[in-house]
Amino acid sequence: MTEPKLRLSTTKIGNFLGCRKRYYWTYERKLVPVIKSRPLQVGSVVHDLAEKFRLGEITMDTFSHLDEYVHQLFPNNTQQESVSIAIEAGKLAQMYIMKYENDPYKVISPEMHLELERDEYILYTRLDSMFRGPNERLWRGEIKTTARMDSAYLSGLKGSLQSGIAYLVMKEVIPEPVFGTVYDLIVKKKEPECHRMPIPAEKRLLANTEETIAGVVRDIKRADFYPSMQCFTYNRECDYYHLCYRYSERVVEEFYTEYIPFYETKKEEGGIKAEQVYKKLELSK
Ligand code: SF4
């Protein structure tokens, strides 16, 4: 039987580059922590609400039962944690919705899962949305919740691995050039803020990303999963600390659960291909 092709996304590659041992626990052993961190939960719920808003599915009920929705998504939360996350995420999402009620950018597609198949691997990415902006240009839309928005954060967005991978896949799959990324940044402060940053795509990003991916594919195939020790050096525990330093079957059972990869939960198995994108974005050939 032939081995299934290696599947790579931004999260997987980012994990591998950050710490190969973390990649091993997550994608080879398929273990994820039972408890998802609070910032990740808030970010997921804000994303879901923004998606519903773009699809015209937001109703009064959405916000009045938000704690129940949070609890369905994260059943290991206490009731109190779900309520608190619903309050924070609801506040951020309402601010976003009010700001973009009359958006000058026209959303032409909500979330899409795109795939690019190559000889050695399949590269996949999720687009939050596609926009038609001024001068009819096509833009990728990305929502980010962040605690800070300084110059380091903004320049990181410009050359991010996530953008590089998205541009590589879009170049092959989307039948029209994508001009760049419109970032909607939701800044989590006492008084939250929402900023829009359109950042044109940079050509050199494609070559850099290709090089990074080639190195990652080579080392994954070699099963080169050594620990980075960054947690130890900087005294910053990652979610897999228990596994690296106190491994036992009991630790696995207590703190981790089996991982279901995102693409396996998607109905559109295999992602969206160019022909479907034409249809979905209502683009003409
Ligand atoms: S605990 Fe340290 S070595 Fe282990 S996966 Fe996390 S960052 Fe890597």
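# Two open sheets and a ligand shell

Me: What is the strand order in the open sheet of 5 strands?
Reply: The pairing in this open sheet is mixed, and its order is β3-β6-β7-β8-β9. Bear in mind that this is a predicted model: local features need pLDDT of at least 70, side-chain atom pairs count only at pLDDT 80 or more, and totals for chains, interfaces and linings use all residues. Residues are numbered from 1 along each chain as its sequence is written. Strands (DSSP runs of E, at least two residues) and helices (H or I, at least four) are numbered from the N terminus, two strands pair if DSSP finds at least two bridges between them, and that gives the order β3-β6-β7-β8-β9.

Me: Which strands of that sheet are left with one side without a neighbour?
Reply: Look for strands that have a single partner, because those stand at the edges and have one side free in the sheet. That points to β3 (106–109) and β9 (193–200).

Me: What does the twist average from one strand to the next?
Reply: Angles run from 0 to 180 degrees between N-to-C directions, with axes as lines fitted to C-alpha atoms, for helices over the stretch in contact. On that scale, the average from strand to strand is 35°.

Me: Which strand pairs with β7 over 9 bridges, and where does valine 182 come in?
Reply: β7 (residues 138–146) runs parallel to its partner over those 9 bridges, and the partner is β8. Within that pairing, glycine 141 is bridged to valine 182, which lies in β8.

Me: Is valine 182 buried or exposed?
Reply: A residue is buried with 20 or more other C-beta atoms within 10 Å of its own, exposed with 12 or fewer, and partly exposed in between; C-beta atoms are placed from the backbone. Valine 182 has 21 C-beta neighbours inside 10 Å, so the call is buried.

Me: How far apart in space are valine 182 and serine 129?
Reply: In sequence, 53 residues separate valine 182 from serine 129. C-alpha to C-alpha, though, they sit at 9.6 Å.

Me: What is the strand order in the open sheet of 3 strands?
Reply: This sheet also has a parallel and an antiparallel pair to work from: β1 joins β5 in parallel by 3 bridges, while β4 and β5 (residues 121–127) run antiparallel with 6 bridges. β1 (6–8) and β4 (112–117) each have a single partner strand, so they stand at the edges. The order is β1-β5-β4.

Me: How many residues lie between β4 and β5 in their hairpin?
Reply: Across the hairpin, leucine 116 has leucine 123 as its bridge partner, and methionine 112 has leucine 127. The number of residues between the two strands is 3.

Me: Which helices each supply at least two residues of the shell around the ligand?
Reply: The surrounding residues include Cys19, Lys21, Arg22, Gln230, Cys231, Tyr241 and Cys244, where near means a C-beta atom, placed from the backbone, within 6 Å. The helices are α2 (20–28), α10 (230–233) and α11 (241–246).

Me: What is the radius of gyration of the protein?
Reply: The protein has 14 helices and 10 strands. The globule rule (2.2 Å times the number of residues to the power 0.38, with the radius taken over C-alpha atoms) gives 19 Å for 285 residues. The protein comes close to that, so it is as compact as a globular protein of that length, with a radius of gyration of 20 Å.
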